[in-house]
Protein chains: 2
Amino acid sequence: MKRYAIILCGGSGTRLWPLSRTLRPKQLLALNGEQTLLQQTASRLLAHVAATNLFTVTHEDHKFEVKGQLAEVAPEAVENVLAEPCSRNTLPAIAWAVNKINQQEPNAIIGVFASDHAIDNQQAFVDAWTTAEIAAKNDYLVLLGIKPHEPATGYGYIKPSQQLSYSGPLPVHQVAQFVEKPNVEKAAQFVHDGYLWNSGMFVFKASTFMGMLQQYQPEIAKQISKMTAENFAETYASFPNLSMDYGLAEKVEKIAVVPVDMAWSDLGSWDSIYQRHQKDADNNVMHGEVFAQDTTNSLLWSQTSLLATAGLDNIVVIQTADATLVCDRSRTEEIKTLVARVNAFKPELTEIHQTVYRPWGSYTVLEESVNFKIKRIVVNPGAKLSMQMHKLRAEHWVVVSGVATITNNEIEFTLNENQSTYISKTHRHRLENKGTEPLAIIEVQCGDYVGEDDIVRFDDTYGRATA
Amino acid sequence: MKRYAIILCGGSGTRLWPLSRTLRPKQLLALNGEQTLLQQTASRLLAHVAATNLFTVTHEDHKFEVKGQLAEVAPEAVENVLAEPCSRNTLPAIAWAVNKINQQEPNAIIGVFASDHAIDNQQAFVDAWTTAEIAAKNDYLVLLGIKPHEPATGYGYIKPSQQLSYSGPLPVHQVAQFVEKPNVEKAAQFVHDGYLWNSGMFVFKASTFMGMLQQYQPEIAKQISKMTAENFAETYASFPNLSMDYGLAEKVEKIAVVPVDMAWSDLGSWDSIYQRHQKDADNNVMHGEVFAQDTTNSLLWSQTSLLATAGLDNIVVIQTADATLVCDRSRTEEIKTLVARVNAFKPELTEIHQTVYRPWGSYTVLEESVNFKIKRIVVNPGAKLSMQMHKLRAEHWVVVSGVATITNNEIEFTLNENQSTYISKTHRHRLENKGTEPLAIIEVQCGDYVGEDDIVRFDDTYGRATA
């Protein structure tokens, strides 16, 4: 049996705003320990699958960051990162990855996993996966179903029916019915009746999946099979926005579920982040520079600058460089409309952070005005920015650590710490770090327009050249 | 009758942290409208006193900012700003200013006022002052006593006794007793019994005050009379830390009080700031970029970046560039110990803001690291920094608006927008704005040490030269 795994890394949730942003979704954040959720997911899977058989589907915008994060925990999985040119929900993403695996190995048994969940009981997780694989070998599409501890209204539910007669670490049942997110009364009834939470995690044989796709979504199956490097972006954009549940799982007959209790959470709200963390004596969870006085049952999280509280109970405070959320802890699932209002006011506050990660490193906007912008730019060892040109702004660069190799209108030279240079408007220029330590420069942009879109790229290591 | 007024502008309260800091106390902040509290105080007094007769006592550290603020509302009062070399509570400050006035005009009738109170009923205020002046002419030390609306525990109380027979807009009573801040039961009894809040505002004749000082604090009186430019700092430092109440008002026999209802507040807590402001439909007070969802009875104040709230009631959030306070609104008087903890952790978070006001303009620290620091420096038209030198850091300057006149090792030159220069370690240098628009530069400091105390001043317009 050839075992494969697919990590779905496409979420761009707003539920953990202001920490999560469109360009920095929750799977790329360290919300549940030192590693990011994506890294925790990869590490968890590597207990059961070879890194070379681990595929990751993400959005083009996140490709470099996903590769960078995987490089730290599963370097052999980096080459199997698939970047979607646009988001089309889970079914096209899974179909694309399965098709690739199927071409190598039609008998592959594939597990599909979210990149942004927490699972504390690793043994139970592996038991469930192993059990599911047994049914998958028998051409079932198998779901992992979470045994509920409370009548949650934020998940879809699965009604299991008769147990299948396979012998694995855990039982496996046929699925009687999928149920949409219920209200609290129905949820209580479901919990009582032994329904399971739909985790969105699947196990199946590559050939089984392709056959089901052929039967129920023949147009997607056809397009996938004809996809080439040339027509890829166009083909992908033509796919319908379709979830794995709605597009396939709810339609097929051979559908099964493995009930598992593995201390799972989808970390779908700040309250669920609070629930996962160790509490202090006052039942608070604190992160960063926080001083709490007479404060209880609260999540106090500061990415930057100091947070001081007094006389609070059951409050969530999330502080970032450019936005702070203060919210009752029982209301953290309701921030969606708030985030939409913020987005309408200043889209960048929900889309990016002041620090933006690029394939070559990162930049942080320190201050922005009408006619100037100040950035700290960090270039990783061995990395370089594209050869580029700006029509409307000049740039002053001061090296504050490391050694910069600079090209300015065909002339290449190096600058050390405490040296500076000037890039005129319209000059072709490039910044490179040939050293072994990170390079940091302070850039002061001056001009009538200092927007990010005033850039012409001539040559780019990362395939981003536009001219 | 020669009328004078003294504004006491020495407070360095922590009760409105993080907006108020040691170097930016509450009287210098715009907490109750467009003007700062000091400016509102000066404007209020000018309805009854000539600007040339308005004296302001402040700390040396705040001198330039106080003068700058007064210049906008009472330019003739700027030359009568008295700067204490150290803080010695209210009695030495008042005695110093009264002595100066007394030398000009022993029959001066002087009102003493706090710089950081709010008074909405201007007519009632002037009536009280006018009434107090009548008793002051008859050698009384006269207090303004606020008619209480609630059993506040944060003020001292005054028990009035028989009414004096002067005829003014308001009655004036002898004082029977001063009472320290009471507990809530006692406070309720005091309110019931017609006691008044001690506002700390006094009216008296210059010669009366000097006579009382001679009688009850003869050592202070003696030192004040012998004070010269040469011995000033030393003499001032030798004064006891003594309040006007404790050192004089509670001791003298001819002490009177004018009861007044003038919509007064000492703005001594964030809740009192909340109480003064107009509320929106949800009974919130909001300042800055704030989005509130299902939030009621709250004070939401952001100086920088965005603040979003959901599901809150009765909460105070004060957000500044480097520190945020989140507090139950009924507990805002208890932040003192919290601020003390913050001070022990990082003193600068309670002492300065990221923007620091200097006599020539201001600077804002945009980022600070071990070996570099980035500042935006704004120089007012016509102003210049001291000629100075740094032993351990070099500086890169980029002009982003205005025109800079720069001296670097005896050579003077100008830089326009989008031009830059480099100041080596140990070079004597100066930055000046000879233009009519503000000058803004970005400064990148590089060196093994980038602390503010690495400075040798050679020549300074503002008398700060140290070498």
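Before I go looking for loops, a note to self: helices (H or I, at least four residues) and strands (E, at least two) are DSSP runs, numbered from the N terminus.

**Ground rules.** I'm working with a predicted model, where local features need pLDDT of at least 70, side-chain atom pairs count only at pLDDT 80 or more, and totals for chains, interfaces and linings use all residues. Residues are numbered from 1 along each chain as its sequence is written, while chains are lettered from A and ligands numbered from 1 in the order in which they are written.

**Entry 1: domains.** I looked up how chain A is split, and I found domain 1 (3-265), domain 2 (279-345) and domain 3 (355-459). Those bounds come from an automatic or database domain assignment. I also checked the C-alpha centres of domain 1 and domain 3 of chain A, and they sit 40 Å apart.

**Entry 2: backbone oddities.** My reminder here is that most residues other than glycine have a negative phi, and most peptide bonds are trans.

Which peptide bond is cis in chain B? I found that one between Trp17(B) and Pro18(B), with omega near 5 degrees. Pro18(B) is in the loop between β1 (3-9) and α1 (37-46) of chain B. In chain A, I see a cis bond joining Trp17(A) and Pro18(A), with omega about 5 degrees. There, Pro18(A) falls in the loop between β1 (3-9) and α1 (37-45).

Next I went after positive phi values. Asn283(A) isn't glycine, yet its phi is positive, near 65 degrees. I traced Asn283(A) to the loop between α10 (270-276) and β12 (285-287) of chain A. Asn418(A) has a positive phi too, near 70 degrees, and I found this residue in the loop between β24 (411-415) and β25 (420-423) of chain A.

Is Asn418(A) buried or exposed? I count it as buried, because it has 22 C-beta neighbours inside 10 Å. Asn283(A) has 13 other C-beta atoms within 10 Å, so I call it partly exposed. My cut-offs: buried is 20 or more other C-beta atoms within 10 Å of the residue's own, exposed is 12 or fewer, partly exposed is in between, and C-beta atoms are placed from the backbone.

**Entry 3: the two copies.** I laid chain B on chain A with a turn of 180 degrees and a shift of 0.0 Å along the axis, and the RMSD came out at 0.1 Å. That is how a two-fold axis relates copies. The superposition is by least squares on the C-alpha atoms of residues with pLDDT of at least 70 in both. In chain B, the residue closest to the rotation axis is Leu366(B), at 3.1 Å (C-alpha).
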